[in-house]
Amino acid sequence: MILLKLFLGFLRVGFFAFGGAYAAIPFMREVIMDYGWITEEKFSYFVAVAESTPGPVMVNLATYVGASQAGAPGALLATLGTVLPSFVIMLLITVVFKKFVSAPRVNAVLSAIKPCVVGIIIATGLLMLFDGLGISFAGGIGPDIKAVVIAAVLWAVCIVYKKVKKKAFSPILVIAISAVLGIVLYGI
Amino acid sequence: MEKRKILWRLFATFFKIGLFTFGGGYAMLSLIENECVEKKEWITRDELLTVTAIAESTPGPIAINCATYVGWQQGKFLGAVASTVGIVAPSIIVIYLISLFFDNILEIQIIASAFRGIKVAVGVIIINAGVKMLKKMKRTPFSVTVTVLAFAALTVIDIFAVNFSTIWLIVAAGAAGYIAFAMKNRGGEGG
């Protein structure tokens with residue numbers, strides 16, 4: 001029953017993604033690969049689309065994966081799964097446990113989860129970057145030189161921009177530049 | 001009648017917020033502040049700050065936490081539902097429409113080339129986001145160890161295709177945090 005699987009799979013994402021969209025990406029990647037819903041390549045394409053379209057990135061990703069597997073009902077159930085945990089937890093905190101989050105025990109648990117999430121995000125980013133560069137650990141395939149050039153240019157732009165403007169480069173601009181570089185290097 | 005009006009206004013306001021913010025949670029907060037604090041005075045700025053702090057400590061999209069909180073304050077359970085549905089609806093509609101022709105446009109050569117470049121960017125963006133969080137994080141020997149272990153564990157799991165869910169890393173980190181806390185307080189306050 002694909003609809004139930006979508007709901008439960010994304011419930012897992014919604015329940016364990018502490019700290020926003022980037023924290024959700026590792027879990028979504030894992031869930032879609034476990035179930036074999038879409039390829040890693042298409043997932044990374046859609047992360048970029050989700051960043052560049054309105055609305056919460058997590059909801060956008062869930063809707064896409066759901067729609068790709070089971071049309072509109074799939075989109076609705078995947079989104080419901082993603083949203084339900086934070087909705088319920090927030091209601092509980094608002095209505096019942098106002099002090100919950102500031103309790104020292106809870107704080108101790110959360111303060112250990114945060115650094116764990118950071119490690120997971122950086123590892124996932126690197127794995128996805130290697131995939132984007134065409135480097136596979138299993139198959140021993142060499143890197144795609146054009147992709148390496150794109151990565152080098154993007155890093156350079158991000159670093160220079162940060163030095164000059166004193167603020168981080170927006171992800172949407174990074175995506176736009178990489179799209180132009182992709183068209184230039186891989187052809188029309 | 002009055003209640004229905006409140007629900008409709010909650011839905012419409014959050015629909016607008018969902019439709020006009022790009023880039024997710026934090027970009028959304030400024031629009032939420034503008035609409036819910038300044039224009040409609042549904043909540044105070046302090047309340048929004050508290051909700052943001054709670055949102056960072058709870059799973060799921062930050063925008064959903066804010067919508068749920070504001071909705072409850074204005075219209076209890078149905079208000080929370082109306083706000084949450086409102087903020088999610090634009091995403092569902094826009095992404096559903098994109099999903100209908102996404103595979104087809106990927107077959108166009110120029111789009112395919114653009115996405116081969118974009119694929120590289122996504123890795124860069126995620127690493128940047130992670131590094132930014134690392135810089136903001138309170139770095140103690142304990143927290144840095146947790147970060148390094150989580151990084152190493154996920155890398156090994158992925159490369160060797162070990163059948164082990166990332167969820168357990170979160171659970172283990174939470175347990176370690178609790179044990180560290182309990183050990184520090186042992187004898188101090190008696191439990």
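**Helix 7 of chain B**

I looked up what packs over the buried residues of helix 7 of chain B in this predicted model, and I find that the cover includes helix 1 and helix 5 of chain A together with helix 6 of chain B. The residues so covered, listed as buried in helix 7 of chain B, are Leu169(B), Ile170(B), Ala173(B) and Gly177(B). I note that they take up an arc of only 105° around the axis, which places them on the same side of helix 7 of chain B. This fits the rule that an α-helix has 3.6 residues a turn, so residues three or four places apart point the same way. Turning to the face directed away from that buried side, I find the exposed residues Trp168(B), Ala175(B), Ala182(B) and Met183(B). I also checked the length: helix 7 of chain B has 19 residues and reaches 27 Å from its first C-alpha to its last, close to the 27 Å expected at 1.5 Å a residue.

**Helix 7 of chain A**

I then went to helix 7 of chain A, residues 171-186, where the 16 residues should span 22 Å at 1.5 Å a residue, and the end C-alpha atoms are 22 Å apart, which agrees. Its buried residues are Pro171(A), Val174(A), Ile175(A), Ser178(A), Ala179(A), Leu181(A) and Gly182(A). What covers them includes helix 3 (40-52) and helix 6 (145-165) of chain A, together with helix 5 of chain B. Just after helix 7 of chain A, I recorded that Gly187(A) takes a positive phi of about 90°.

**The side of chain B that touches chain A**

Which residues of the two chains meet, and how many are there? I find 81 residues of chain B in contact with 93 residues of chain A. On the chain B side, the elements that give two or more residues are helix 1 (2-20), helix 3 (45-57), helix 4 (62-105), helix 5 (109-136), helix 6 (141-159) and helix 7 (167-185) of chain B. Helix 5 of chain B gives the most, with 24 residues. By class, I count the residues of this side as 50 nonpolar, 26 polar and five charged.

**Domains and confidence**

For chain B, I noted a division into domain 1 (2-105), domain 2 (108-136) and domain 3 (137-191), and the centres of domain 2 and domain 3 of chain B, taken over C-alpha atoms, are separated by 27 Å. For chain A, the mean pLDDT is 88, and 94% of its residues reach 70 or more. Within chain A, I find the confidence lowest in helix 5 (residues 104-132) of chain A, at a mean of 88, and highest in helix 1 (residues 2-16) of chain A, at 94.

Definitions and conventions
Residues numbered from 1 in each chain as written. Chains lettered and ligands numbered in written order. Predicted model: local features only at pLDDT ≥ 70, side-chain atom pairs only at ≥ 80, totals over all residues. Domains from an automatic or database assignment. Contact = placed C-beta atoms within 7 Å. Helix = DSSP H or I, 4+ residues; strand = E, 2+ residues; numbered from the N terminus. Nonpolar A, V, L, I, M, F, W, Y, C, P; charged D, E, K, R; others polar. pLDDT = per-residue confidence, 0-100. Expected span 1.5 Å × (residues − 1). Buried ≥ 20, exposed ≤ 12 C-beta atoms within 10 Å, placed from the backbone. Arc of directions from axis to C-beta.
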